[in-house]
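Below is a set of questions and answers on a single protein model, meant to be read with the sequence and the structure side by side. Each answer works towards the value or name that was asked for.

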Amino acid sequence: MLYSEMLIRGYFPQITARCSISPIPNGKNVNVTASQNYRGRPISMCSLFAKLYDLIFLEKFAELLVTSDLQFGFKRHHSTTMCPMVHKETFAYYTVDNGAAFCTFLDATKAFDRVDFCKLYRELRKRKIPTIHLRLLLNMYTNITARINWNGAFSQSFDIRNGVKQGGILSPVLFVST
């Protein structure tokens, strides 16, 4: 009933769109006051309500959110380990008998942070996602707030105005949709 009411109103309550961001040190015995001793990406914990909504959205619109057959990660019955295997086999095929092969890599580590909501909305409309569901989804993504959790102390909340949630269940599908 809660999700039906949110869908009707097109509103995702602020409390359900909060995240806590926890920086992760690179090891146990590192100087925690030095920023270089932390992983590049902290862990962001979002509400259970947001994760449940992601699951409902994915289940409801799975046939409209199909990605390329060349997309290995974040798909049912696929694994990101398939990509290196294809890479290795392709190179083995072309380098037999001293052949040459060339490869280009793309570093997309910050790609999720740069998803444009207007473009995402247009792409999801092209896939025939009903507007009532898009309204709620975009309301949720444009009203996310976060706070930093540092050794049990929390910062003031701040707005997140771009990108899709790192680690979000729906985020990889939204990312490849744009």
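Q: In which loop does Leu-64 lie?
A: The model is a predicted one, and in it Leu-64 follows the helix that covers residues 48-60. Its place is in the loop between helix H2 and H3.

Q: Is Leu-64 buried, partly exposed or exposed?
A: The relative accessible area of Leu-64 is 25%. Buried would need a value under 20% and exposed a value over 50%, so Leu-64 counts as partly exposed.

Q: Which residues does Leu-64 contact, leaving aside its neighbours within four places in sequence?
A: Leu-64 and Lys-128 are 64 residues apart along the chain, yet their C-alpha atoms are separated by 7.2 Å. Once the neighbours within four places in sequence are left aside, the residues in contact with Leu-64 are Arg-127, Lys-128 and Ile-129.

Q: What separates the C-alpha atoms of Phe-12 and Lys-128?
A: Phe-12 is found in the loop between H1 and strand E1, the latter covering 18-22. Along the chain, Phe-12 and Lys-128 are 116 residues apart. In space, the separation of their C-alpha atoms is 21 Å.

Q: How is Phe-12 placed with respect to the surface, buried or exposed?
A: Not counting residues up to four places away in sequence, Phe-12 touches Met-6, Ala-17, Phe-49, Ala-50, Tyr-53, Leu-136, Asn-139 and Met-140. Its relative accessible area is 1%, and because the limit for burial is under 20%, Phe-12 is classed as buried.

Q: Which residues does His-133 touch, not counting those up to four places away in sequence?
A: His-133 has its place in helix H5, which is made up of residues 131-142. With a relative accessible area of 12%, His-133 is buried. Apart from residues up to four places away in sequence, the ones that His-133 touches are Leu-7, Tyr-53, Phe-57, Lys-60 and Phe-61.

Q: What is the relative accessible area of Asp-97?
A: Asp-97 is placed in the loop between helix H3, residues 82-95, and H4. Although Asp-97 is not a glycine, its phi is positive, at about 60°. Asp-97 is exposed, and its relative accessible area is 74%.

Q: What phi does Asn-98 have?
A: Asn-98 is found in the loop between H3 and H4, where it counts as exposed at 78% relative accessibility. Asn-98 is not a glycine, although its phi is positive, with a value of about 60°.

Q: How many salt bridges does a search of the whole structure find?
A: Side chains of opposite charge can pair when their charged atoms come close. Glu-5 forms a salt bridge with Arg-9, and Lys-126 forms one with Glu-123. Over the whole structure, the number of salt bridges found is two.

Q: How far apart are the closest N and O atoms of Glu-5 and Arg-9?
A: Both residues lie in helix H1, residues 2-9, where Glu-5 and Arg-9 are four residues apart, about one turn of the helix. Glu-5 is partly exposed at 34% relative accessible area, whereas Arg-9 counts as exposed at 60%. The closest N and O atoms of this salt bridge are 2.8 Å apart.

Q: Which residue forms a salt bridge with Lys-126?
A: Lys-126 is exposed, with a relative accessible area of 59%. Its partner also lies in helix H4, residues 117-126, and the two are three residues apart, about one turn of the helix. With the closest N and O atoms 3.2 Å apart, the partner of Lys-126 is Glu-123.

Q: What is the radius of gyration of the protein?
A: The protein has six helices and five strands, which run α-β-β-α-α-α-α-β-β-β-α from the N terminus on. For 178 residues the globule rule gives 16 Å, and the protein lies well over this, so it is more spread out than a compact globule; its radius of gyration is 20 Å.

Q: What percentage of the residues of the protein count as buried?
A: The C-alpha trace spans about 65 × 50 × 25 Å along its principal axes. The protein exposes about 12,200 Å², of which carbon and sulfur atoms supply 59%. Of its 178 residues, the part that counts as buried is 30%.

Definitions and conventions: Residues numbered from 1 in each chain as written. Predicted model: local features only at pLDDT ≥ 70, side-chain atom pairs only at ≥ 80, totals over all residues. Heavy atoms only, no water. Salt bridge = Lys/Arg side-chain N within 4 Å of Asp/Glu carboxyl O. Buried < 20%, exposed > 50% of the residue type's maximum accessible area, 1.4 Å probe, protein only. Rg over C-alpha atoms; globule rule 2.2 N^0.38 Å. Areas by Shrake-Rupley, 256 points an atom, 1.4 Å probe, with all protein chains shown as cover. Contact = heavy atoms within 4.5 Å.
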